[in-house]
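Trainee: I'm new to this one and would like a close look at a single part of it. Could you pick a strand, walk me through its surroundings, and then show me how the rest of the chain fits in?

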Amino acid sequence: MGLLDSHRKLLLTSISLGLIALPSLGVVTIKNVARAAQKNPDVDASELTPTYPATPPPPGRVPLPNEREIQERSLEIDYRVSNLLADFTGNLWVGSWRGLSRIDPNTGRILARVNLPNLAIGALAEDKVGRLWVGTYEGLKRIDPRSGEITAQNLFLPSKRVLSLLVDNRGYLWTGTDNGLALISPDENLIMTTLKSLPGVSANAMTLDVEGQLWVGTLDGLVRVNTASALIMQRINQLPGTTVQTLAFSPEGLIWAGTPSQLLVINPKTSQVLRSVTPLRGRNVTSVRFAKDGSVWVGTDNGLLRLNPHTGAVLDEVAGLPSGQIFALAPDIGNKLWIGTGEGLAWLMPSRGSANPHLAFSRAVE
């Protein structure tokens with residue numbers, strides 16, 4: 001036992017003095033490193049021990065104040081133009097995520113700007129007496145276009161996130177949210193009824209048919225609503241693409257419905273899908289509008305097309321846009337097609353194949 005204790009003490013002393021390494025514990029002392037280098041002269045000691053630079057790395061370059069402002073502005077400001085609306089006076093309202101403006105569509109001159117507390121504009125509508133209704137992602141606002149006065153509507157909508165607005169033939173305002181519909185009396189500022197149990201939940205887009213009834217594009221197809229009773233009259237679901245993002249009626253009374261994957265033509269009387277427009281298959285259709293000449297403009301998340309409505313053939317593919325991401329279209333306003341894109345507003349003369357950006361709404365000019 002005495003001999004065993006002597007060996008143990010000698011072992012512990014050797015370890016404490018760095019004479020023995022314990023590789024199983026990952027312990028290597030400085031003396032052992034030097035000894036290893038002596039036994040292996042081809043090995044540089046610097047390869048066995050970590051080295052660090054004598055001075056810390058230089059600090060990163062801090063942008064100058066004006067450069068920082070440009071960088072922050074480019075990252076934070078959203079230049080999309082999400083809504084366009086021609087009013088009774090012939091002027092054009094431009095709903096962008098930087099604010100609301102009214103312009104002269106003949107000259108492009110800005111006539112007025114309205115500073116809204118929330119800039120995420122989801123929809124625009126004009127009521128029978130010329131008041132402008134603005135659906136934002138924080139509720140519904142009413143604007144007097146003559147004074148620019150904003151009236152906050154403390155209405156108990158199904159959701160504050162307003163996606164679509166439409167004034168029906170009787171003058172009542174339909175408000176589509178991401179959680180159903182509300183019918184509002186514009187004069188009394190009262191909700192007349194709500195339709196929270198809307199099939200497909202979200203009222204993404206709305207339009208009226210020739211009978212004055214309401215069609216709603218939802219997350220699960222189309223719903224037809226009686227504008228007098230707010231009761232559901234018809235439902236078209238199980239559509240290819242499911243979600244309906246944009247709606248338009250052709251002069252022949254057919255529904256053109258844009259989905260994230262195609263453009264569908266539907267007979268509203270039979271609920272039958274007549275065709276999927278071939279050039280738009282696999283494309284995200286975001287806006288559909290018919291022009292006075294009968295042609296149909298189709299905006300996608302990657303370009304703008306003009307189609308022959310009878311054959312679906314592409315007549316034009318528009319170049320010169322600020323962005324290929326199309327959010328809104330307004331044809332035949334000031335003899336132009338107005339285009340809301342992800343990077344601002346543009347306009348197109350019917351006789352030209354290339355669009356022109358409106359610099360006041362672009363990233364290039366503040």
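Mentor: Let's start with a charge and a ring: the charged end of Lys-336 sits over the ring of Trp-347, 5.8 Å from its centre. Keep in mind that this is a predicted model.

Lys-336 belongs to strand S26, which covers residues 336-341. Six of the six residues in S26 are buried, so the strand is largely enclosed by the rest of the structure. Now look at which way the residues point. Lys-336, Trp-338 and Gly-340 face one way from S26, while Leu-337, Ile-339 and Thr-341 face the other, and all are buried. That fits a general pattern: in a regular strand, side chains alternate between the two faces of the sheet.

So what does S26 pair with? On one side there's strand S25, residues 326-333, which pairs with S26 in the antiparallel sense over five bridges. If you want a spot to find in the viewer, try Leu-329, which stands opposite Ile-339 in S26. S25 and S26 make a hairpin with two residues between the strands, and Gly-334 in that hairpin takes a positive phi near 65°.

Then there's strand S27, residues 344-348, joined to S26 by five bridges and also running antiparallel. Here Trp-338 has Trp-347 as its bridge partner in S27, and Trp-347 is the residue whose ring has the charged end of Lys-336 over it. Thr-341 stands opposite Gly-344 in S27. S26 and S27 form a hairpin too, with two residues between them.

Put those together and you get an open sheet of four strands in the order S25-S26-S27-S28, with antiparallel pairing. Its edge strands are S25 and S28 (356-357), each of which pairs on one side only. As a general point, strands of a sheet pair through backbone hydrogen bonds, either parallel or antiparallel.

Before leaving this sheet, have a look at Gly-353, in the loop between S27 and S28. Apart from neighbours within four places in sequence, Gly-353 is in contact with Glu-317, Val-318, Ala-319 and Leu-348. Take Ala-319: Gly-353 is 34 residues from it in sequence, but their C-alpha atoms are 6.8 Å apart in space.

Now zoom out. The protein chain has three helices and 28 strands. Of its 366 residues, 46% are buried. Among contacts with a separation of 6 or more, 39% are between residues 24 or more positions apart. The accessible surface of the chain comes to about 19300 Å², and carbon and sulfur atoms account for 53% of that.

Aromatic rings give you some of those links across the sequence. The whole structure has two aromatic pairs. One is Trp-97 with Tyr-137, an edge-to-face pair at 5.6 Å centre to centre, with 85° between the planes. This pair links distant parts of the chain, 40 residues apart: Trp-97 is in the loop between strands S2 and S3, and Tyr-137 is in the loop between S6 and S7. Tyr-137 is partly exposed, with a relative accessible area of 23%. Trp-97 also has a charge for company, as the charged end of Arg-80 sits over its ring, 3.8 Å from the centre.

Trp-256 and Phe-290 form an edge-to-face pair as well, 5.4 Å centre to centre and with 85° between the planes. Trp-256 lies in strand S18 and Phe-290 in strand S21, so the pair ties together parts that are 34 residues apart in sequence. Both count as buried, Trp-256 at 1% relative accessibility and Phe-290 at 16%.

Last stop, the salt bridges: the structure holds 10 of them. Asp-127, Arg-131 and Asp-187 are linked in a network. Within it, the side chains of Asp-127 and Arg-131 meet at 2.7 Å, N to O, and Arg-131 also bridges to Asp-187, with the closest N and O atoms 2.6 Å apart. Arg-131 lies in the loop between S5 and S6 and Asp-187 in the loop between S11 and S12, so that pair ties together parts 56 residues apart in sequence. Buried or exposed? Asp-127 is buried at 2% relative accessibility, Arg-131 is buried at 18%, and Asp-187 is exposed at 58%.

Terms used:
Residues are numbered from 1 along each chain as its sequence is written. This is a predicted model: local features need pLDDT of at least 70, side-chain atom pairs count only at pLDDT 80 or more; totals for chains, interfaces and linings use all residues. Side-chain values use heavy atoms; hydrogens and water are left out. Buried means under 20% relative accessible area, exposed over 50%, partly exposed in between (1.4 Å probe, protein chains only). Two strands pair if DSSP finds at least two bridges between them. A salt bridge is a side-chain nitrogen of Lys or Arg within 4 Å of a carboxyl oxygen of Asp or Glu. Contact means heavy atoms within 4.5 Å. Accessible areas come from the Shrake-Rupley method with a 1.4 Å probe; for residues, only the protein chains shown count as cover. Rings of Phe, Tyr and Trp (its six-membered ring) pair if their centres lie within 6.5 Å; planes under 30 degrees apart count as stacked, over 60 as edge-to-face and the rest as tilted. A charge sits over a ring if NZ of Lys or CZ of Arg is within 6 Å of the ring centre and within 35 degrees of the ring normal.
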